[in-house]
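I opened this entry to record what I looked up in the structure. The notes follow the order in which I went through it.

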Amino acid sequence: YLVEQALRDIPGIKHVDLQNLEVERSYKVRKGDSLWVIARRIYGSGQAWTVLSQYNDLSDPGKLRIGQDLSLPLGDEQIVPVDMQ
């Protein structure tokens, strides 16, 4: 989604077709990572951490392990952030 948006923002680009684009759909947790940090890095907003947590069915989102693989939703999935009231 971010790639498509960035391309559409470039003057002169009239059509964006990313149908055959291959995108890495996983992320390997590194030292110092949190869901907030990962969401900010991948999606541009730390608030998307709830989507990552829900998509990966994490029972305790605060306990990531170095080397853990997270699956990344890329916008084609119907997932909305959890209401954190």
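Entry 1, a glycine in a loop. I located Gly-62 in the loop that runs between α3 and β2. The model is predicted, and I read this position with that in mind. Is Gly-62 buried or exposed? I found a relative accessible area of 67% for Gly-62; the cut-off for exposed is over 50%, so Gly-62 counts as exposed. I then checked its distance to Leu-35: the two residues are 27 apart in sequence, and their C-alpha atoms lie 7.7 Å apart in space.

Entry 2, confidence. I noted a mean pLDDT of 80 for the protein chain, with 80% of its residues at 70 or more. Among the elements, helix α1, residues 2-8, has the lowest mean pLDDT, 76, whereas β2 has the highest, 94. I keep in mind that where pLDDT is low, the predicted coordinates should not be read in detail.

Entry 3, the overall layout. I counted three helices and two strands in the protein chain. Read from the N terminus, the order of the elements is α-β-α-α-β. The chain has 85 residues, of which 25% count as buried. Its exposed surface is about 6,500 Å², and carbon and sulfur atoms supply 50% of that area. Taking contacts between residues at least 6 apart in sequence, I found that 54% join residues at least 24 apart.

Entry 4, helix α2. Which residues of α2 are buried? I found Leu-35, Ile-38 and Ala-39 to be buried there. They lie on the same side of α2, because they cover an arc of only 100° around the axis. In general, an α-helix has 3.6 residues a turn, so residues three or four places apart point the same way. The buried residues of α2 pack against β1 (26-28), α3 (49-55) and β2 (69-71). Just after α2, I noted that Gly-44 takes a positive phi of about 85°.

Entry 5, the core. I listed eleven residues in the largest nonpolar core: Tyr-27, Val-29, Leu-35, Ile-38, Ala-39, Ala-48, Leu-52, Leu-58, Leu-64, Leu-70 and Leu-72. Helix α2, residues 35-43, contributes three residues, the largest share of this core. As a general point, nonpolar side chains in soluble globular proteins tend to be buried together.

Entry 6, Tyr-27. What does this core residue touch, apart from its neighbours within four places in sequence? I found Tyr-27 in contact with Asp-33, Ile-38, Arg-41, Ile-42, Gln-68, Asp-69, Leu-70 and Leu-72. Among these contacts, Ile-38, Leu-70 and Leu-72 also belong to the core.

Methods. Residues numbered from 1 in each chain as written. Heavy atoms only, no water. Core = buried A, V, L, I, M, F, W, Y, C linked by side-chain atoms within 4.5 Å. Buried < 20%, exposed > 50% of the residue type's maximum accessible area, 1.4 Å probe, protein only. Contact = heavy atoms within 4.5 Å. Arc of directions from axis to C-beta. Areas by Shrake-Rupley, 256 points an atom, 1.4 Å probe, with all protein chains shown as cover. pLDDT = per-residue confidence, 0-100.
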